[in-house]
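Colleague: I would like a close look at one part of this model, taken slowly and with its surroundings kept in view. Please begin at the end of the chain and then work back to the part that you think deserves the closest reading.

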Amino acid sequence: MTRPLAGALAGVAALAVLAALLFLIDSAAAYPWIKAVHVIAVISWMAGMLYLPRLFVYHVGAERGSVQSETFKVMERRLLRAIINPAMIATWAAGLWLAWHGFAFQGGWLHAKIAAVLALSGVHGYLAGAVRRFAEDRNEKPARHWRIVNEIPTLLMIAIVVLVVVKPF
Ligand code: HEM
């Protein structure tokens, strides 16, 4: 099995275990606490998702094989593994719990929000692939590409927060 596939499977397994554990909790008192965990996880996930493409912009400018380039590789790998991946799993697990216990998965805003979060998770997968390509010195994309990619999580985040706070439909 390839390493990215094994990593993705480990992530899905961790999400399933966390979601199963969370679904055992069923109390109104737990709701604001799980929401707090959700918002903390969201902040961590977004911090990483906004910073990682910015690191790529600087990494493109570093000469291959240079000390600077190798340092960027370490920063990118640690950011992905220690922050972005676990934060995404915690966001999903707590978000699904809230959606079930608070709203029984009903509501146009919730369906639209989940669709936007799926898109955000797709961007996450794309960035994880890019970390691997940078680590193997196989990135072909220019800094401009990563500057544009940097805006996608921002736009999705704005849509997601408006959907969940305003609940326009
Ligand atoms: C599939 C993943 C997600 C699901 C199912 C989900 C679902 C939910 C639910 C049901 C709530 C409670 C809303 C309420 O009590 O009124 C909530 C709160 C919240 N979510 Fe998510 N969420 C997910 C991912 C995200 C992401 C990625 C973000 C931000 C980028 C986000 C931002 C927020 C915020 C800021 C709140 C607090 C809203 C408030 O208290 O008014 N969520 N989420």
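**From the chain end back to helix 3**

Modeller: Lysine 167 lies in the segment after helix 5, and this is a convenient place to enter what is, it should be said at once, a predicted model. The phi angle of lysine 167 is near 45 degrees, a positive value in a residue other than glycine. Lysine 167 counts as partly exposed because 13 C-beta neighbours lie inside 10 Å.

Before turning to the part itself, a word on the whole chain. The protein chain holds 5 helices and 0 strands, so that its elements, read from the N terminus, run α-α-α-α-α. Its C-alpha trace spans about 55 × 35 × 25 Å along the principal axes, and buried residues make up 24% of the 169 residues. Of the contacts with a separation of 6 or more, 87% are between residues 24 or more positions apart.

The part I would read closely is helix 3. This helix has 37 residues and reaches 51 Å from its first C-alpha to its last, which is close to the 54 Å expected at 1.5 Å a residue. Helix 3 also carries a kink of about 35 degrees, centred on leucine 80.

Isoleucine 84 lies in helix 3 as well, and it counts as buried because it has 24 C-beta neighbours inside 10 Å, where 20 or more are required. Leaving out residues up to four places away in sequence, isoleucine 84 touches Trp45, Gly48, Met49, Leu52, Leu79 and His124. Isoleucine 40, by contrast, is 44 residues from isoleucine 84 in sequence, and the two C-alpha atoms are 12 Å apart in space.

Trp45, one of the residues touched by isoleucine 84, leads directly to the core. The largest nonpolar core has 23 residues, and those with the most contacts inside it are Trp45 and Ala93. Helix 2 (30-60), helix 3 (67-103) and helix 4 (108-135) are the elements that give two or more residues to this core, and the largest share, 9 residues, comes from helix 3. Alanine 93, once its neighbours within four places in sequence are set aside, is in contact with Leu15, Leu18, Ala19 and Leu22. A second, separate core has 6 residues, including Ala116, Val117, Leu120 and Ile160. As a general background, nonpolar side chains in soluble globular proteins tend to be buried together.

Helix 3 matters to the ligand's surroundings too, in the plain sense of how many residues it supplies: it gives the most to the shell around the ligand, with 8 residues. That shell has 22 residues, of which the closest to the ligand are Val42, Gly95, Leu98, Ala99 and Val117. Helix 2, helix 3, helix 4 and helix 5 (143-166) are the elements that give two or more residues to it. By type, the residues of the shell divide into 16 nonpolar, 4 polar and 2 charged.

Val117 also belongs to the second core, and it appears among the buried residues of helix 4, which are Lys113, Ala116, Val117, Leu120, His124, Leu127, Ala128, Ala130, Val131 and Phe134. These buried residues pack against helix 2, helix 3 and helix 5. Helix 4 itself has 28 residues and reaches 41 Å from its first C-alpha to its last, close to the 40 Å expected at 1.5 Å a residue.

The two ends of helix 3 complete the picture. Just after helix 3, alanine 104 takes a positive phi of about 45 degrees. Phenylalanine 105, found in the loop between helix 3 and helix 4, has a phi near 60 degrees, again a positive value in a residue other than glycine. Phenylalanine 105 counts as exposed because it has 11 C-beta neighbours inside 10 Å.

On the other side, arginine 64 has its place in the loop between helix 2 and helix 3, and it is exposed, with 8 other C-beta atoms within 10 Å. Not counting residues up to four places away in sequence, arginine 64 touches Ser69 and Asp137. Aspartate 137 takes a positive phi of about 55 degrees just after helix 4. The C-alpha atoms of arginine 64 and tryptophan 146, which are 82 residues apart along the chain, are separated by 17 Å.

Conventions. Residues numbered from 1 in each chain as written. Predicted model: local features only at pLDDT ≥ 70, side-chain atom pairs only at ≥ 80, totals over all residues. Core = buried A, V, L, I, M, F, W, Y, C linked by C-beta atoms within 7 Å. Buried ≥ 20, exposed ≤ 12 C-beta atoms within 10 Å, placed from the backbone. Helix = DSSP H or I, 4+ residues; strand = E, 2+ residues; numbered from the N terminus. Contact = placed C-beta atoms within 7 Å. Near = placed C-beta within 6 Å. Nonpolar A, V, L, I, M, F, W, Y, C, P; charged D, E, K, R; others polar. Expected span 1.5 Å × (residues − 1). Bend = angle between axes of the 7 residues up to and from the residue.
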